[in-house]
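Biologist: I have a model open and a list of labels to challenge. Take me through the reasoning behind each one.

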Amino acid sequence: MCKHILNAQVSIRAPCCKLWFDCPECHAEGQSHNLKKTTEMAFLCKKCKKAFRKDMTVYEDSDEYCPHCDNHYVLEAKTPHAVVGVQGEDARVDARMLKDDRVQQAVHKSAFELDDDDFLDKLG
């Protein structure tokens, strides 16, 4: 399981060391050499567990699918992001803790962030 790309559909065989990796970052973490570039790639589908090769010089839209099980393996990568979670009651019962991005949020200023004109009005 790749920790860099959460929705990796295939593993790629590195042409330099002949080992399987889910992404180039996994290769960089596990090996001391740089990843060798090639035009012919070997893939291993994670759905049907079968290997196949693709020539990247004549790559077409139909090549985005596994030839054995038609799994669409070319997807936009989902990478992990740090998230601060809030624990509370069920959101269907009490939605006060949820933020709606469609609603314009009020901007709060402190006394130290006021413009010169705002500062004069506050003093009287």
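Modeller: What follows is a set of short answers, each label set against its cut-off.

Modeller: One caution to begin with: this is a predicted model.

Biologist: What is the overall pattern along the sequence?

Modeller: The protein runs β-β-α-β-β-α. That comes to 2 helices and 4 strands.

Biologist: How are the 4 strands ordered in the sheet?

Modeller: The order is β2-β1-β3-β4. The sheet is open, and the pairing is antiparallel.

Biologist: Why do β2 and β4 count as edges?

Modeller: Each has a single partner strand, so one side of each is left without a neighbour in the sheet. For β2, that concerns residues 20–21.

Biologist: What makes β1 and β3 a pair?

Modeller: Two strands pair if there are at least two bridges between them. Strand β1 (residues 10–13) and strand β3 (residues 40–45) have 3 bridges, in the antiparallel sense. The rule is met, so they are a pair. Within this part of the sheet, Val 10 stands opposite Cys 45 in β3.

Biologist: What holds strands of a sheet together in general?

Modeller: Strands pair through backbone hydrogen bonds, either parallel or antiparallel.

Biologist: Now the rings. Why is the pair of Phe 52 and Tyr 73 called tilted?

Modeller: Start with distance. Ring centres must lie within 6.5 Å, and here they are 5.6 Å apart. Now the angle. Stacked means under 30 degrees and edge-to-face means over 60. The planes of Phe 52 and Tyr 73 stand at 55 degrees, so the pair is tilted.

Biologist: What does that pair tie together?

Modeller: Phe 52 lies in strand β4, and Tyr 73 lies in the loop between β4 and α2. The pair therefore ties together parts that are 21 residues apart in sequence.

Biologist: Are those two residues buried or exposed?

Modeller: Buried means under 20% relative accessible area. Phe 52 has 6%, so Phe 52 counts as buried. Tyr 73 has 9%, so Tyr 73 is buried as well.

Biologist: Which residues form the aromatic cluster?

Modeller: Phe 43, Phe 52 and Tyr 73 form one cluster. The structure has 3 aromatic pairs by the distance rule.

Biologist: How do you know that Lys 54 and Asp 63 form a salt bridge?

Modeller: The rule asks for a side-chain nitrogen of Lys or Arg within 4 Å of a carboxyl oxygen of Asp or Glu. In this pair the closest N and O atoms are 3.4 Å apart. The distance fits, so the label holds.

Biologist: Why are Lys 54 and Asp 63 called buried?

Modeller: Set both against the 20% limit. Lys 54 has a relative accessible area of 12%, so Lys 54 is buried. Asp 63 has 16%, so Asp 63 is buried too.

Biologist: Where is Asp 63, and which residues does Asp 63 touch?

Modeller: Asp 63 is in the loop between β4 (51–55) and α2 (116–123). Leaving out residues up to four places away in sequence, Asp 63 touches Lys 54, Val 58 and Tyr 73.

Biologist: How many salt bridges does the structure hold?

Modeller: There are 4. One of them joins Lys 3 and Glu 29, at 3.5 Å from N to O. Lys 3 lies in the segment before β1 and Glu 29 in helix α1, so this pair ties together parts 26 residues apart in sequence. Both Lys 3 and Glu 29 are exposed.

Biologist: What makes Glu 40 and Arg 53 a salt bridge?

Modeller: Their side chains meet at 3.4 Å, N to O, and the limit is 4 Å. Glu 40 is in strand β3 and Arg 53 in strand β4, 13 residues apart.

Biologist: Why is Glu 40 partly exposed but Arg 53 exposed?

Modeller: Exposed means over 50%, and partly exposed lies between 20% and that value. Glu 40 has 41%, so Glu 40 counts as partly exposed. Arg 53 has 54%, so Arg 53 counts as exposed.

Biologist: Why does His 27 count as buried?

Modeller: His 27 has 2% relative accessibility, so His 27 falls under the 20% limit. His 27 lies in helix α1 (residues 24–30). Beyond neighbours within four places, its contacts include Ala 14, Cys 16, Phe 21 and Leu 35.

Biologist: What share of the protein is buried?

Modeller: Buried residues make up 18% of the 124 residues.

Key
Residues are numbered from 1 along each chain as its sequence is written. This is a predicted model: local features need pLDDT of at least 70, side-chain atom pairs count only at pLDDT 80 or more; totals for chains, interfaces and linings use all residues. Side-chain values use heavy atoms; hydrogens and water are left out. Buried means under 20% relative accessible area, exposed over 50%, partly exposed in between (1.4 Å probe, protein chains only). Contact means heavy atoms within 4.5 Å. Rings of Phe, Tyr and Trp (its six-membered ring) pair if their centres lie within 6.5 Å; planes under 30 degrees apart count as stacked, over 60 as edge-to-face and the rest as tilted.
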